[in-house]
Amino acid sequence: MKKTEFYSSRLREGYTRIEHESGLTVYVFPKKLTGIYALFATDFGSVHTAYRKEPNGEVITLPEGIAHFLEHKLFENEDGSDSFARFSALGADANAYTSYNRTAYLFSCTDHFEDSLAELLRFVTTPHFTDESVQREIGIISEEIRMTEDNPWDRGYQMMLEAMYCKHPVRLPICGTQESIRRIDPQLLYECHRLFYDPSHMTLVVCGDVKTEEVMKTVDAAILTRTHISAQRVGTEEPETVRKAYVDAQMQVSKPIFFMGFKDPFVPSDPNARIRRDAAMTLLDEILFSRSGEIYSELFESGVLSPTFTCGYSIGEDFAFNCVSGESDTPDAVVERVMEYVERVRQEGIADEDLERCRRVLYSDEVRAYDSTEEIANRLLSFVLDGADMLEYPNLFEQITKEELVSLLDTLFRREYLSVSVIYPLEQR
Amino acid sequence: MVPIVYQVAPNLTVRACQTKKLKAGMISLSVILPIEREKTHLTSLLLSVLHRGTENYPTIAALNRRLDYLFGTEMTVRNYYRGDRHVIGIAADLLGEEYLPQDGSIDLMENVLEVMREILFHPLLDEKGMLTEKYVESEKKLQKDAILALRNSPRAYALEHCGAVMYRDEPCGIPICGTVESVQSVTPEMLSARWRELIEHLAFECFYVGPENPAEVAERVCRVFASYLPKNPAQAFPRCDVCGDRDDAVKHCEEELPVSQGQLVIGLRTNISVADRDYCACAVANEMLGVSPVSKLFVNVREKHGLCYHCSSHYNMYKGAIMISCGLLPQNRTLAQREIFNQIEALSQGDFEDGELTAAKLSLENSYRQLEDNPTALESFYLGRALFHAEDTIDGCRRGFAAVTREDIVRVARKWRTDTVYFLNATAADGEEAENEED
């Protein structure tokens, strides 16, 4: 059992990483708040749709949405009980979510922490599926898909991803489709669990007023059996440029909603470089698109843009994109104005004052993020799955130079990397 | 964690909770108003216009740059109903001093309070002393957009429309942002008059959570605002009561939108508000009905029948009402509706396991204990209670939940009356609009 400590004197926070003999990696982040939050996650997410059992073996393709389907079904136990009920009896609040690169099971509690943790480790590692319950789940997930489709923001975002990516599975909806979920059966779910829920694929993160020894005692007592099967994920060859420059649809919205997706063609393979790119893009987004910035101010004050304007950068192991979205009666004009503005910044450079101001804001945001055990645990999980140290992140904002930002702007904000997706009202296009 | 209350001026109450556990504190100023058809939409609009620009920070960029300088202080507008009262206000987070960079030797709280004062008392005025026409017109457009944008979320749309039917004869049935027509008719003169009327009569409720000494916080708030507040105490509000519909007939309403999932909303009157003795029992009963994944609605409507993804209930403790909401295919509506009513009936017949009661009590215990980790939730708890003159504490509520018995659940569930059944039909349930693509 190898133990490593991480600490930031600036944030006055620290955490411990323990590599357990079962292959599981455990992170304990002590925090003197009332709520304790635990996450047990596998690195299997919606983008992992193809694998090989052996090197050079046959490529096996999974139905879209299977990671999410598995997440729903794991709460069911062999004796017919439901793990939600077990957590409830302990006063803990359990839940789960699936994202591009992970599936996470979680609970929050104020009491009976060890019993809840034992239940979390138990139910996630002991699958039980029946034909009947899988059939019922199809009905439930089918309604979840409809709910997402009726949400214009979700729909527009999804259309943007599909326009940006040709092959990469980040373009697939996390819940799958009405068709793909009907191809899922108990056998397939067992197979995915066997391949991707091995302790070596799993991470446990606990944040709250707990001691590492308490956590490890429960981990030691849990039955974590290694399968020693290592399925190899199959990557995709994704072109640098986007699949479609423009896509639109009509829905029951009151005014057009637009998404500008900039596909990042250069995703570093080194985790530290990826985190640095993430910090640099976050800083650049703040400089370019924040409410204190020139473009928002101009478009908002002139009545072209609604206050829903937002932006964010997403980065995974082999994909990354920056998304700028909002509502406007004239989305085409906003897109053009944003591109002109970015071009001007490219030529004129970034003002020192803007850089300093945005560094100050982002540093403060980082500090604020340490007031919630839920937020800390989820962020820590994101960082560790990407192989980085969360406590180092705030320091990056100061290390990143103006030249680095301009070069990033130069590479990313190009027409050939841009996909625009617009949701128009039914009565207008 | 119980706030210490200071009546620092006739029109200024400060409630302060001291805690060293958080890196960022919070301070807010709220004003509690009656809900009035002629004024409420004006007040909502005014709040937005005040945030557009001030004497010293005349544009949105200038105001935000000032907040950026104050370590990215996030200033949020409060505009909501608590039962039949309209609560407006402004809140800001405050980064703890020990985390400010070395150059940050500024009094952050004082500076943030000054920005709040600037927003409320020194808006950008034209030469005639009126709120700037440009900002009024711009915010009118945004408020009309916001009213129309309700249809972007079918679930929120259904809940709002069900509420409008249910509360049609009560103050909270008046839409907080008004209607497109009422907003359209607002002039800068009307809004300026509303602003003057408000600042001449307002009474502030200030709420603070953070590391500072409560008495010092009260003093600072007083220093910044005392000279701006009216000298005579504002008229005190009578206790906010649940004025339920006396009519026993169930109201039915059906509408449609071109979406793929229908929305069923059922509004119940519990006739039990936060100020009632039975409040804890009613909260536990609602928890058993439809809050958690072990609730009756989740287990039966979703898990057993597989009819929906979400089916849940929300207890509006300030109005004594429960809203049940379920997203489903239109053809499953009858079955789901019957099943929902079966579950309510089961509660009132005592048809539940002891484990369900225990789980609901523990779940509320868990969420109430965690309130102290979250300044905004603490504020909501204590301000909400103050409004109802219910001088309850979090620990008091926890004891109340623990004491709830099976008989209490049956008794409160028997008081529940169905008020409104609303259904939003999905007319695009089977086909979708084609997407268009261009290279």
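**Exercise 1. In which sense, and over how many bridges, do strand β3 of chain A and β9(A) pair?**

Solution. The model examined here is predicted.

Step 1. Locate the two strands: β3 of chain A spans residues 25-30, and β9 of chain A spans residues 202-208.

Step 2. Read the pairing: β3(A) and β9(A) run in the parallel sense and are joined over six bridges. One pair of partners within this ladder is Val28(A) and Val206(A).

Step 3. Turn to strand β4 of chain A (residues 36-42), which pairs with β9(A) in the antiparallel sense, again over six bridges. Here Leu39(A) stands opposite Val205(A).

Step 4. Recall the general principle: strands of a sheet pair through backbone hydrogen bonds, either parallel or antiparallel.

**Exercise 2. Determine the strand order of the chain A sheet that contains β9, and identify its edge strands.**

Solution.

Step 1. The sheet is open, has seven strands and follows the order β1-β2-β3-β9-β4-β8-β7 in chain A, with mixed pairing.

Step 2. The edges are β1 (2-8) and β7 (93-98) of chain A, each of which pairs on one side only.

Step 3. On average, neighbouring strands of this sheet are turned by 15° against each other, direction ignored.

Step 4. For another pairing in this sheet, consider strand β2 of chain A (residues 13-19), which is joined to β3(A) by four bridges in the antiparallel sense. Arg17(A) has Tyr27(A) of β3(A) as its bridge partner.

Step 5. Add the helix: α7 of chain A (residues 212-221) lies across β2, β3 and β9 of chain A and runs at about 150° to β3(A).

**Exercise 3. Is Thr203(A) buried or exposed?**

Solution.

Step 1. Place the residue: Thr203(A) belongs to strand β9 of chain A.

Step 2. Apply the cut-off: a residue counts as buried under 20% relative accessible area. Because the relative accessible area of Thr203(A) is 8%, Thr203(A) is buried.

Step 3. List the surroundings, not counting residues up to four places away in sequence. Thr203(A) touches Leu24(A), Thr25(A), Tyr27(A), Leu39(A), Phe40(A), Ala41(A), Leu381(A), Val384(A) and Leu385(A).

Step 4. Extend the view to the whole strand. Met202(A), Leu204(A), Val206(A) and Gly208(A) point one way from β9(A), whereas Thr203(A), Val205(A) and Cys207(A) point the other way, and all are buried. Seven of the seven residues of β9(A) are buried, so this strand is largely enclosed by the rest of the structure.

**Exercise 4. Describe the five-stranded sheet of chain B and the helices that pack on it.**

Solution.

Step 1. This open sheet has the order β7-β11-β8-β10-β9 in chain B, with mixed pairing. Its edge strands are β7 (251-257) and β9 (308-316) of chain B.

Step 2. Strand β8 (residues 262-269) and strand β11 (residues 417-426) of chain B run antiparallel and are joined by seven bridges. Ile266(B) stands opposite Val421(B) of β11(B).

Step 3. Helix α10 of chain B (residues 296-304) packs on the sheet and touches β9 and β10 (321-328) of chain B, its direction making about 155° with that of β9(B).

Step 4. Helix α11 of chain B (residues 333-348) lies across β7, β8, β9, β10 and β11 of chain B and runs at about 25° to β8(B).

**Exercise 5. Which residues touch the most other members of the largest nonpolar core?**

Solution.

Step 1. In this core of 129 residues, the answer is Phe413(A), Ile27(B), Phe204(B) and Phe225(B).

Step 2. Beyond its neighbours within four places in sequence, Phe413(A) is in contact with residues including Phe262(A), Met281(A), Leu284(A), Leu288(A), Phe289(A), Met339(A) and Val342(A). The contacts of Phe413(A) also include Asp285(A), Asn322(A) and Arg346(A).

Step 3. A second, separate core holds 62 residues, among them Cys17(B), Leu307(B), Cys311(B) and Val410(B).

Step 4. The general background is that nonpolar side chains tend to be buried together in soluble globular proteins.

**Exercise 6. How many residues of chain A are in contact with chain B, and how many salt bridges does the rule find across the interface?**

Solution.

Step 1. Contact involves 76 residues of chain A and 66 residues of chain B.

Step 2. The two chains bury about 6,200 Å² between them, with 48% of it on carbon and sulfur atoms.

Step 3. The rule finds nine salt bridges across the interface of chain A and chain B. As a separate entry, the side chains of Asp145(B) and Lys255(A) meet in a salt bridge at 2.8 Å, N to O.

Technical notes: Residues are numbered from 1 along each chain as its sequence is written. Chains are lettered from A and ligands numbered from 1 in the order in which they are written. This is a predicted model: local features need pLDDT of at least 70, side-chain atom pairs count only at pLDDT 80 or more; totals for chains, interfaces and linings use all residues. Side-chain values use heavy atoms; hydrogens and water are left out. Two strands pair if DSSP finds at least two bridges between them. Contact means heavy atoms within 4.5 Å. Axes are lines fitted to C-alpha atoms, for helices over the stretch in contact, and angles run from 0 to 180 degrees between N-to-C directions. A nonpolar core is a set of buried Ala, Val, Leu, Ile, Met, Phe, Trp, Tyr and Cys residues joined through side-chain atoms within 4.5 Å. Buried means under 20% relative accessible area, exposed over 50%, partly exposed in between (1.4 Å probe, protein chains only). Buried area is the accessible area (1.4 Å probe) that two parts lose on being put together, summed over both. A salt bridge is a side-chain nitrogen of Lys or Arg within 4 Å of a carboxyl oxygen of Asp or Glu.
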